[in-house]
Amino acid sequence: MKTAYLKFDSTKKLSKINKEIYGHFSEHLGRCIYNGIYVGKDSEIPNTNGIRNDVVEALKEIKTPVLRWPGGCFADEYHWLDGVGKERKSILNTNWGGVVEDNSFGTDEFFNLCEMLDCKPYLAGNLGSGTVRELASWLEYITHWGDSPMGLMRKENGREKPWRIDYLGIGNENWGCGGNMRPEYYADEYRKFAQFAKNYNNQDMVKVACGPNADDYYWTETIMKNLNTWHTGAISLHYYTVPTGDWSHKGAALSFDDKEYYQTISSTLFMDEIITKHSAIMDKYDKDKKIGLIVDEWGCWYDVEEGTNPGFLYQQNTMRDAIVAGINLNIFNSHSDRVIMANLAQVMNVLQSVLLSDGESLVKTPTWYVFKMFLRHHEANLIRSSLAAPELDKFDKTVPMLSYSVSEKDSKVFLTVTNCSLDEDCELLIDSETFGISSASSEIICTDIHAFNDFDGSEPVTIKENSSYEIINGKLKAVIPAHSVVSFEIA
Ligand code: AHR
């Protein structure tokens, strides 16, 4: 068995891991909102004001800290006024399936959902096809406490108090579906929209500029150079794991061979490289790290499941997705000095979801279990650590066998590790530089790499207690099984 060595110093706190790194994304896409989170008041599925009760429970269990809405590409064609009040105009969803939506889920329903989840709202504004006035009046509707025209409209629609809004995205993917802009042009548009985007609710609201697609470093450089820092709290980054790297044949969610598996891992690990490089550019213009990086779309993107609407991006979720989630979340934790939020795409029934539904049945995916396992990282301090681990040469890829992150909270150290090898366990020797380890507990997600949780109630991918470790002379010796995600709480 190969051996890896991990050392940490819990007195050396590096950065706080914002709980928002464990955020989610809900777009008007396929069955994410309609027939997903939102089934309508008259549905036979138990709901509160149209929102599925079991979904709320499941998202509360993983302490969903922030929810992004209404898109995605949908955001730059969304007109909020059509989605408030009693009479609502319908909208053609040109990006996703060409379906007509009745706008029964709109601003008030979204903010109500966030209150039910006790999470922060992250709104994506329409810069691509909307107007400055439209975005300004949306904020007035949401946040004005007095008798302003929009404040009054909200009250007439049944909400007396203003809503709380924590993050405002000014456009989405404006280099592509959000207007096909050059970064120079977008930066100027951003400055204008941001100037008039006022929050009247007397609380902090982070304005988020559209950042790069994957490794588009020119975009980041240009945006950072041209930003009005006074108006900008963060820039976004979108990067998806596409197993084959070919968008026309991405690979299937359920049937993949060993080669495609290691391609998936290698493609996921690219996240670390691009965050490192974008952060270095940001450092040049913002050495005090006042502007955050928000990875507000990440996850596996496979070919849609056969027989489903190609525009709905529905895919199953296996143990492979759990490993991808573990790797990405470890990467975000390790970059928490710059990465202030991340949002899995998407929360339900779309891409690498934490929840899947079929009628009344609801499945918690392997990815949901990773979010559950990693809960102790929320608001913990990333601590100084180093890992010496073997590398794997697989097909034409070289990947590190283990990925990890380690944090401290309430005098306890929390370590999460993934072993991405398909066939080799790894011995891990864990050493604290400042205290002798005297107690530990551990959890594990590990099963067949193709296993998934199904609507018939079978749940092969869950969290189990792990006992494959021992404490010897103040050090912890563990076995990290092939294709597993493992956590340790250490004191
Ligand atoms: O998450 C699906 C789509 O991916 C989003 O709408 C868009 O922003 C991205 O290209």
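**Figure 1. Helix 2 and its buried residues in the predicted model****.** In this predicted model, the buried residues of helix 2 are Thr107, Asp108, Glu109, Phe110, Phe111, Asn112, Leu113, Cys114, Met116 and Leu117. Helix 2 spans residues 107-117, and because 10 of its 11 residues are buried, it is largely enclosed by the rest of the structure. Directly after helix 2 comes Asp118, which has a positive phi near 55 degrees.

**Figure 2. Asn103 and Asp82, two buried loop residues in contact****.** Asn103 occupies the loop between strand 7 (100-101) and helix 2. Its relative accessible area is 1%, so Asn103 counts as buried. Although Asn103 is not a glycine, its phi is positive, at about 60 degrees. Most residues other than glycine have a negative phi. Asp82 belongs to the loop between strand 5 (66-69) and strand 6 (91-92). With a relative accessibility of 18%, Asp82 is also classed as buried, because the limit for that class is under 20%. Apart from its neighbours within four places in sequence, Asp82 contacts Arg88, Lys89 and Asn103.

**Figure 3. Surroundings of the ligand****.** The ligand has 14 residues around it, of which Glu27, Cys73, Glu173, Tyr240 and Glu297 come nearest. An N or O atom in the side chain of Glu27 is 2.7 Å from an oxygen atom of the ligand. For Tyr240, a polar side-chain atom is found 2.7 Å from a ligand oxygen atom. For Glu297, a polar side-chain atom likewise lies 2.7 Å from an oxygen atom of the ligand. On its own the ligand has 280 Å² of accessible area, and the protein covers 94% of this. By residue class, the shell around the ligand consists of 7 nonpolar, 4 polar and 3 charged residues.

**Figure 4. Open mixed sheet and the pairing of strand 1****.** An open sheet is formed by 10 strands in the order 23-22-26-20-19-16-1-21-25-24, with mixed pairing. Strand 23 (464-465) and strand 24 (469-472) are the edge strands, each pairing on one side only. Within this order, strand 1 (residues 2-16) stands between strand 16 and strand 21. Strand 1 runs parallel to strand 21 (residues 426-432), with which it shares 7 bridges; Ala4 has Leu428 of strand 21 as its bridge partner. With strand 16 (residues 381-388), strand 1 pairs in the antiparallel sense over 8 bridges, and here Lys13 is partnered by Ile383. In a regular strand the side chains alternate between the two faces of the sheet.

**Figure 5. Hairpin of strand 17 and strand 18****.** Strand 17 (residues 391-394) and strand 18 (residues 397-400) run antiparallel and are joined by 4 bridges. Lys394 stands opposite Lys397 of strand 18. The hairpin has 2 residues between the strands, and Phe395 adopts a positive phi near 50 degrees.

**Figure 6. Asn330 in helix 8 and its contacts****.** Asn330 is part of helix 8 (residues 319-334). With a relative accessible area of 2%, Asn330 is buried. A polar contact of 2.7 Å links the side chains of Asn330 and Thr416. When residues up to four places away in sequence are set aside, Asn330 touches Phe374, Ser403, Tyr404, Ser405, Thr416, Val417 and Thr418.

**Figure 7. Exposed loop residues Ser411 and Asn180****.** Ser411 lies in the loop between strand 19 (402-409) and strand 20 (412-419). Its relative accessibility is 64%, so Ser411 counts as exposed. The C-alpha atoms of Ser411 and Ala491 are 7.3 Å apart, while the two residues are separated by 80 residues in sequence. Asn180 is located in the loop between strand 9 (167-170) and helix 5 (183-196). At 63% relative accessibility, Asn180 counts as exposed. Asn180, a residue other than glycine, has a positive phi near 55 degrees.

**Figure 8. Cis peptide bonds at Gly71-Gly72 and Ala345-Gln346****.** The peptide bond from Gly71 to Gly72 is cis, and its omega is near 15 degrees. Gly72 is situated in the loop between strand 5 and strand 6. Ala345 and Gln346 are joined by a cis peptide bond with omega about -10 degrees. Gln346 is placed in the loop between strand 13 (339-345) and strand 14 (355-358). Most peptide bonds are trans.

Methods: Residues numbered from 1 in each chain as written. Predicted model: local features only at pLDDT ≥ 70, side-chain atom pairs only at ≥ 80, totals over all residues. Heavy atoms only, no water. Near = heavy atom within 4 Å. Polar contact = N/O pair within 3.5 Å; in protein donor to acceptor, adjacent residues only side chain to side chain. Areas by Shrake-Rupley, 256 points an atom, 1.4 Å probe, with all protein chains shown as cover. Nonpolar A, V, L, I, M, F, W, Y, C, P; charged D, E, K, R; others polar. Pairing = 2+ DSSP bridges. Buried < 20%, exposed > 50% of the residue type's maximum accessible area, 1.4 Å probe, protein only. Contact = heavy atoms within 4.5 Å.
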